[in-house]
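Trainee: I'd like to learn how to read a protein model, one feature at a time. Can we go through one together?
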Amino acid sequence: MLVDKTRVQLCHGRTPLEFLPNLTRSLGGPNIFIKRDDCSGFATGGNKGRKLEYLVADAIAKGATHLLTTGAVQSNHVRQTAAAAAKMGLRCLALLEDKVDVPTDAYQHNGNRLLTDIFGSEVKTYPAGTNMAEVVQQQVSILQMRGFVPYVVPMGGSTAVGNLGYVSCAEELMAQAKEQGFDIDHLVVTTGSGGTHAGLLAGLLALKSKTRLTGISIMGTHQGQTDLVKRQTAETLELIGAGDSYDPGAVRVEDGYVGASYGIPTDAGLAAISRLAREEAILLDPVYTGKAMSGLIDLVEQGRFAKSDNIVFLHTGGYVGLFAYADTFLK
Ligand SMILES: Cc1ncc(COP(=O)(O)O)c(C=O)c1O
């Protein structure tokens with residue numbers, strides 16, 4: 001086992017690795033598989049559950065009374081952090097920056113925002129452009145003055161500790177592919193705050209795997225995202241004692257699928273959502289996985305993979321966001 005750090009159990013265990021026959025057929029190959037982290041079994045699923053298992057264990061070890069985190073109004077990460085706090089008997093303070101220009105009632109009140117309330121988190125919302133690092137510091141001080149012990153979960157849970165969840169996922173995935181009797185040539189994942197990408201890459205490098213990992217950016221530029229993932233991969237490898245496996249050349253990022261900006265749906269992303277729903281009965285989301293799947297489909301159509309390749313798309317969840325963007329689909 002690559003990771004021997006303490007974790008709490010939030011997710012059910014291994015998530016399924018499934019073949020997508022209809023998408024594979026309609027694209028005319030390569031073979032497309034999906035790793036279902038949308039089915040983690042924790043608070044409607046998604047990639048933050050694996051990270052939070054390690055982050056919450058760290059928080060508890062430090063005597064935390066509160067999890068404090070930040071994100072956009074429709075953050076999946078904030079929703080899952082609120083749920084993790086609820087399950088572990090901690091309090092959650094969510095500091096939301098209203099930075100995505102979707103001025104609908106559904107965006108402001110439904111989807112992840114609604115579930116964050118239902119999981120019992122306290123929520124404070126700030127206008128776009130607020131210095132959120134300063135806000136976090138202020139709120140930490142206020143809680144400390146009241147005698148509480150806040151634990152800050154950074155945006156997306158992307159720290160070396162959080163990324164351990166995806167080191168374990170890489171190991172789990174490689175074992176599943178072996179059991180199913182195939183080699184994974186390419187793994188494709190959404191990359192945002194970078195930790196899922198970095199954790200997976202750290203796991204693949206530590207395992208000396210030949211699988212090539214590509215992150216489809218939903219936010220950063222090629223340079224910015226590559227630098228972010230490089231730094232986090234190096235830190236994560238250090239934490240598991242495999243620093244000498246680091247290979248900066250293994251960080252691959254595609255940044256052509258972001259569209260206007262983070263959180264603003266693209267036509268190709270919406271088409272990918274409809275396609276996966278109608279061909280495979282799988283729900284993607286408008287902010288992350290829809291854009292990433294549109295990237296995968298485009299790379300296939302550009303002939304970037306051999307027809308005989310086995311490609312795995314890591315589904316990082318997020319379908320709750322569909323309800324926040326209902327107006328986009330009902331147009
Ligand atoms: C559904 C979904 N997919 C992908 C990501 C990106 O993961 P990371 O922030 O680790 O890059 C997020 C982050 O919030 C997410 O909510």
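Mentor: Sure, let's start with one pair of residues: Arg-36 has His-315 in β10 as its bridge partner. Keep in mind that this is a predicted model.

Trainee: What does pairing between strands rest on, in general?

Mentor: Strands of a sheet pair through backbone hydrogen bonds, and the pairing is either parallel or antiparallel. Here, β2 and β10 (residues 310–315) run in the parallel sense, with six bridges between them. Phe-33 sits opposite Val-312 of β10.

Trainee: In which sense does β1 pair with β2?

Mentor: In the antiparallel sense: β1 (residues 17–19) and β2 (residues 31–36) share three bridges. Look for Phe-19, which faces Phe-33 in β2. So that you can picture Phe-33 properly, put both partners together: Phe-19 and Val-312.

Trainee: What is the strand order in the whole sheet?

Mentor: It reads β1-β2-β10-β7-β8-β9, six strands in an open sheet with mixed pairing. The edges are β1 and β9 (252–254); each has a single partner strand, so one side of each has no neighbour in the sheet. On average, neighbouring strands are turned by 30 degrees against each other, ignoring direction.

Trainee: Which helix packs on that sheet?

Mentor: That's α8, which touches β7 and β8 (212–217). The direction of α8 makes about 150 degrees with that of β7.

Trainee: And the other sheet, what order does it have?

Mentor: That one is an open sheet of four strands, β5-β4-β3-β6, and the pairing is parallel. At its edges stand β5 (122–127) and β6 (150–153), each with a single partner strand, so each has one side without a neighbour in the sheet. From one strand to the next, the twist averages 20 degrees.

Trainee: How many bridges join β4 and β5?

Mentor: Six bridges, in the parallel sense, with β4 covering residues 91–98. To find one of the pairs, go to Leu-93 and look across to Glu-122 in β5. This sheet has a helix on it too: α3 touches β3 (66–72), β4 and β6, and its direction makes about 165 degrees with that of β3.

Trainee: Now helices. How are two packed helices described?

Mentor: By the angle between their axes and the distance between the axes. Try α3 (residues 76–88) and α5 (residues 111–118): their axes come within 9 Å and cross at roughly 15 degrees. That angle makes α3 roughly parallel to α5. The crossing of these two is left-handed.

Trainee: Which residues make the contact between α3 and α5?

Mentor: From α3 you have Asn-76, Val-78, Arg-79 and Ala-82, and from α5 you have Asn-112, Leu-115 and Thr-116. Sort the residues of this contact and you get three nonpolar, three polar and one charged.

Trainee: What angle do α7 and α8 make?

Mentor: About 50 degrees, with the axes of α7 (residues 160–180) and α8 lying 7 Å apart. That makes α7 oblique to α8. This time the crossing is right-handed. The residues in contact include Gly-162 and Ala-170 of α7, and Gly-199 and Leu-204 of α8. The contact of α7 with α8 divides into nine nonpolar, seven polar and one charged.

Trainee: There's a ligand as well. Which residues come nearest to the ligand?

Mentor: Of the 20 residues around the ligand, the nearest are Asn-76, Gly-156, Ser-193, Thr-316 and Gly-318. Elements giving two or more residues to this shell are α3, β7 (186–191) and α8 (195–206). The largest share, three residues, comes from α8. As for character, the shell has one nonpolar, 18 polar and one charged residue.

Trainee: Last topic, the backbone. What sign of phi do most residues other than glycine have?

Mentor: A negative one, and most peptide bonds are trans. Now look at Ala-43: its phi is near 50 degrees, a positive value in a residue other than glycine. You'll find Ala-43 in the loop between β2 and α2 (48–61).

Trainee: Which residues does the cis peptide bond join?

Mentor: Gly-29 and Pro-30, with omega at about 0 degrees. Pro-30 lies in the loop between α1 (21–27) and β2.

Note on methods. Residues are numbered from 1 along each chain as its sequence is written. This is a predicted model: local features need pLDDT of at least 70, side-chain atom pairs count only at pLDDT 80 or more; totals for chains, interfaces and linings use all residues. Two strands pair if DSSP finds at least two bridges between them. Axes are lines fitted to C-alpha atoms, for helices over the stretch in contact, and angles run from 0 to 180 degrees between N-to-C directions. Angles under 35 degrees count as roughly parallel, over 145 as roughly antiparallel, 65 to 115 as roughly perpendicular and the rest as oblique. A crossing is left-handed if the near helix is turned anticlockwise from the far one by less than a right angle, and right-handed if clockwise. Two residues are in contact if their C-beta atoms, placed from the backbone, lie within 7 Å. Ala, Val, Leu, Ile, Met, Phe, Trp, Tyr, Cys and Pro count as nonpolar, Asp, Glu, Lys and Arg as charged, and the others, Gly among them, as polar. A residue is near a molecule or strand if its C-beta atom, placed from the backbone, lies within 6 Å of it.
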